[in-house]
Amino acid sequence: MQYLKSLTLGALDEFALRGDARWILDRQFKVACLFGLAVGLVLLSSKVSTLNAGQSWQALVLVVLVSPLLEELLFRGMLQGRLLSLNWGSLSLLGFTSANLCCSLVFTAFHFTSHEPIWALSVLVPSLLFGYFRDRHNSVYPSIALHIFYNAVYFILPMLLGIRF
């Protein structure tokens, strides 16, 4: 039984599934949410194509909930966590750890497989923010929440406002 408990704790730690909900009260986290909303409104004004109401709710659930959850567990949970454990991983540049910078570059490169180059590059700044909050709170929960919020603003806000592209 002790082995099972230690295995479970190890898996939770591996993906940075730890911590409490203090990040919700973090002023910087709130500013990051406002930043995401502002960027979403700017993108709306430039008529960026997004999902429309005619597309399935399953696609919406996939891009707003499932993808951010899996991406954050993989990139911020596992990859960034492992990079942080290396000697150079916790070195900081402009407030971002080396682990976060490397992870964000890989995350951005990953988006080149499914996005046009300009849109793939545009995920770099949000990725750095997701990684910043993962480091700041030693937990992947804030990065998951922020990623879901950003995707919701990008994909759902136009539908709520009745904007058709």
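In which helix does L73 lie? L73 lies in helix α3, and the legends below place this residue and others within a predicted model.

**Figure 1. Overview of the elements in the predicted chain.** The protein chain contains 8 helices and 2 strands. Read from the N terminus, the order of these elements is α-α-α-β-β-α-α-α-α-α. The chain has 165 residues, of which buried residues make up 35%.

**Figure 2. Segments annotated as transmembrane in the UniProt record.** An unreviewed UniProt entry carries the annotation "transmembrane region" for residues 31–51, 57–79, 91–112, 118–133 and 140–163. Two of these spans are described here in terms of the model. In residues 91–112, the end C-alpha atoms are 27 Å apart, and the span is 64% helix and 18% strand. In residues 118–133, the end C-alpha atoms are 25 Å apart, and this span is 88% helix and 0% strand.

**Figure 3. The surroundings of L73 in helix α3.** L73 has a relative accessibility of 19%, and it therefore counts as buried, the limit being under 20%. L73 and S143 are 70 residues apart along the chain, yet their C-alpha atoms are separated by 9.2 Å.

**Figure 4. F107 of helix α4 and the charged residue over its ring.** F107 belongs to helix α4. Its relative accessible area is 2%, so F107 is buried. R76 is placed over the face of the F107 ring, at 4.6 Å from the ring centre. A further residue for this view is L74, which is 33 residues from F107 in sequence. In space, F107 and L74 are 9.7 Å apart, C-alpha to C-alpha.

**Figure 5. The largest pocket and its lining.** The largest pocket has a volume of about 780 Å³. Its lining consists of 28 residues, and those closest to the pocket centre are H115, S122, V123, N151 and Y154. Five elements each give two or more residues to this lining: α2 (27–45), α3 (57–84), α4 (98–111), α6 (124–137) and α7 (141–155). Which element gives the most to the lining? It is α7, with 6 residues. Sorted by class, the lining of the largest pocket comprises 16 nonpolar, 10 polar and 2 charged residues.

**Figure 6. An aromatic pair between helices α6 and α7.** The model holds 9 aromatic pairs in total. In one of them, F130 and Y150 meet edge-to-face, with 5.5 Å from centre to centre and 65 degrees between the planes. This pair links distant parts of the chain, as F130 is in helix α6 and Y150 is in helix α7, 20 residues apart. Both F130 and Y150 are buried.

**Figure 7. The pair formed by Y132 and F133, and the cluster around it.** Y132 and F133 also form an edge-to-face aromatic pair, in which the ring centres are 5.1 Å apart and the planes are 85 degrees apart. Are these two partners buried or partly exposed? Y132 counts as partly exposed because its relative accessibility is 22%, whereas F133 counts as buried because its relative accessibility is 2%. Ring pairs join both residues to others, giving a cluster of W23, F29, F96, Y132 and F133.

**Figure 8. L94, a loop residue with positive phi.** The phi angle of L94 is near 55 degrees, which is a positive value in a residue other than glycine. L94 is located in the loop between β1 (92–93) and β2 (96–97). Is L94 buried or exposed? L94 counts as exposed because its relative accessibility is 78%, where the limit is over 50%.

**Figure 9. N138, in the loop between α6 and α7.** N138 is found in the loop between α6 and α7. The phi angle of N138 is near 50 degrees, again a positive value in a residue other than glycine. With a relative accessible area of 40%, N138 is partly exposed.

Key: Residues numbered from 1 in each chain as written. Predicted model: local features only at pLDDT ≥ 70, side-chain atom pairs only at ≥ 80, totals over all residues. Heavy atoms only, no water. 1 Å grid on protein atoms, 1.4 Å probe; cavity = no way out; pocket = protein on both sides within 12 Å on 5 of 7 lines; lining within 4 Å. Points joined across faces, edges and corners; volume = space filled by probe spheres on them. Helix = DSSP H or I, 4+ residues; strand = E, 2+ residues; numbered from the N terminus. Nonpolar A, V, L, I, M, F, W, Y, C, P; charged D, E, K, R; others polar. UniProt positions renumbered as here; feature names shortened; annotations may be inferred. Buried < 20%, exposed > 50% of the residue type's maximum accessible area, 1.4 Å probe, protein only. Phe/Tyr/Trp six-rings, centres within 6.5 Å; stacked < 30°, edge-to-face > 60°. Lys NZ or Arg CZ within 6 Å of the ring centre and 35° of its normal.
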